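Subject: Structure handover

Hello,

Please find the structure below, followed by notes on what was found in it.

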Amino acid sequence: MTGRRTVFGPAVGDEILRKILRLQAQNLRQYLTAEQQAAQGFVTFRYDLDLLREMNDALPHVVALRGDELAGYALSTTGAICRKNGLLRPLVERLDAMALDGRPFPEIPYYAIGQVCVAEAFRGQGVFDGLYQTHRARYAGRFDAVVTEISVHNTRSMAAHHRVGFRVIDEMPDGPDRWALVVWDWTHD
């Protein structure tokens, strides 16, 4: 890792998508101890290659690479893809009934982050912030906001999203968990 810089850009090709799936599998909540979850964060949902590809074709994911190594990813998805996928549909259905600073969400051009993850060896090196800054650079001209949901038990992710500029606009229980709906409104920065 020494001497190489991290490069941020779109996810290109199935090889990168497979690397995303491997990194995702290493960080799934069910495979981490409570101590690991608290200290390092976690991801909750397991995507498959077909869904990652469909999401990426509609709105390219952003990845961070150091050489050939995947340092992190932030999955992008459109409202249309969310609506036809059972895993993602509840997010946009919630937004349909909400407003952002008095503006109904259905009138706001927004997209969703399906998941963000930084490989353990790259944490604390600005990768998380770089992923989101790259998202903003790529998509701010097309969208006014980006949204995602975070388990409130994932305190590392909650703090990192807040640091980047996201704010909580709603919370919802889901079984033993509670989810924060967060938005980064690019019209107010």
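Which strand does Val62 lie in? Val62 belongs to strand 2, which covers residues 62–66. Before going further, please keep in mind that this is a predicted model.

Val62 is a buried residue, because its relative accessible area is 0%, and the cut-off for buried is under 20%. Neighbours within four places in sequence aside, Val62 is in contact with Gly9, Gly72, Tyr73, Ala74, Ser76, Leu131, Thr134, His135 and Arg138. From Val62 to Gln133 the C-alpha distance is 10.0 Å, with their positions 71 residues apart in sequence.

One of the contacts of Val62 is His135, which sits in helix 6, residues 127–139. His135 is buried as well, with a relative accessible area of 0%. Again without the neighbours up to four places away in sequence, the contacts of His135 are Val62, Ala74, Ser76, Tyr111, Ile113, Ala140 and Trp186. Ala74 and Ser76 therefore appear in the contact list of Val62 and also in that of His135, where contact means heavy atoms within 4.5 Å.

Overall figures

The protein has seven helices and nine strands. For its 189 residues a compact globule would have a radius of gyration near 16 Å, and the protein agrees with this, at 16 Å. Along the principal axes, the C-alpha atoms fill a box of roughly 50 × 35 × 35 Å. Buried residues account for 49% of the 189. The accessible surface is about 9100 Å², and carbon and sulfur atoms hold 50% of this area.

If you count contacts between residues at least 6 apart in sequence, 68% of them join residues at least 24 apart. As for charge, there are 22 positive and 23 negative charges, and their mean positions are 5 Å apart.

The nonpolar core

In soluble globular proteins, nonpolar side chains tend to be buried together. Here the largest nonpolar core has 58 residues, of which Ile20 and Phe105 touch the most other members. Strand 6, residues 110–118, gives the most to this core, with seven residues.

Leaving out residues up to four places away in sequence, Phe105 touches Leu95, Met98, Ala99, Leu100, Tyr110, Val147, Ile169 and Val183.

Strand 6 is also the place of Cys117. With a relative accessible area of 5%, Cys117 is buried. Its C-alpha atom is separated by 11 Å from that of Tyr132, which is 15 residues away along the chain.

Two further residues

What is the phi of Asp101 near? The value is near 50°, which is positive in a residue other than glycine. Most residues other than glycine have a negative phi. Asp101 is placed in the loop between strand 4 (99–100) and strand 5 (103–104).

Is Thr187 buried or partly exposed? Thr187 counts as partly exposed, because its relative accessibility is 41%, and partly exposed covers what lies between the 20% and 50% limits. Thr187 is found in the segment after strand 9 (177–185). Neighbours within four places in sequence aside, Thr187 is in contact with Arg103 and Asp144. The C-alpha atoms of Thr187 and Asp144 are 5.9 Å apart in space, while the two residues are 43 apart in sequence.

Regards

Terms used: Residues are numbered from 1 along each chain as its sequence is written. This is a predicted model: local features need pLDDT of at least 70, side-chain atom pairs count only at pLDDT 80 or more; totals for chains, interfaces and linings use all residues. Side-chain values use heavy atoms; hydrogens and water are left out. Helices (H or I, at least four residues) and strands (E, at least two) are DSSP runs, numbered from the N terminus. The radius of gyration is taken over C-alpha atoms; the globule rule is 2.2 Å times the number of residues to the power 0.38. Buried means under 20% relative accessible area, exposed over 50%, partly exposed in between (1.4 Å probe, protein chains only). Accessible areas come from the Shrake-Rupley method with a 1.4 Å probe; for residues, only the protein chains shown count as cover. Lys and Arg count as positive and Asp and Glu as negative; His and the chain ends are not counted. The place of a charge is taken as NZ of Lys, CZ of Arg, CG of Asp or CD of Glu. A nonpolar core is a set of buried Ala, Val, Leu, Ile, Met, Phe, Trp, Tyr and Cys residues joined through side-chain atoms within 4.5 Å.
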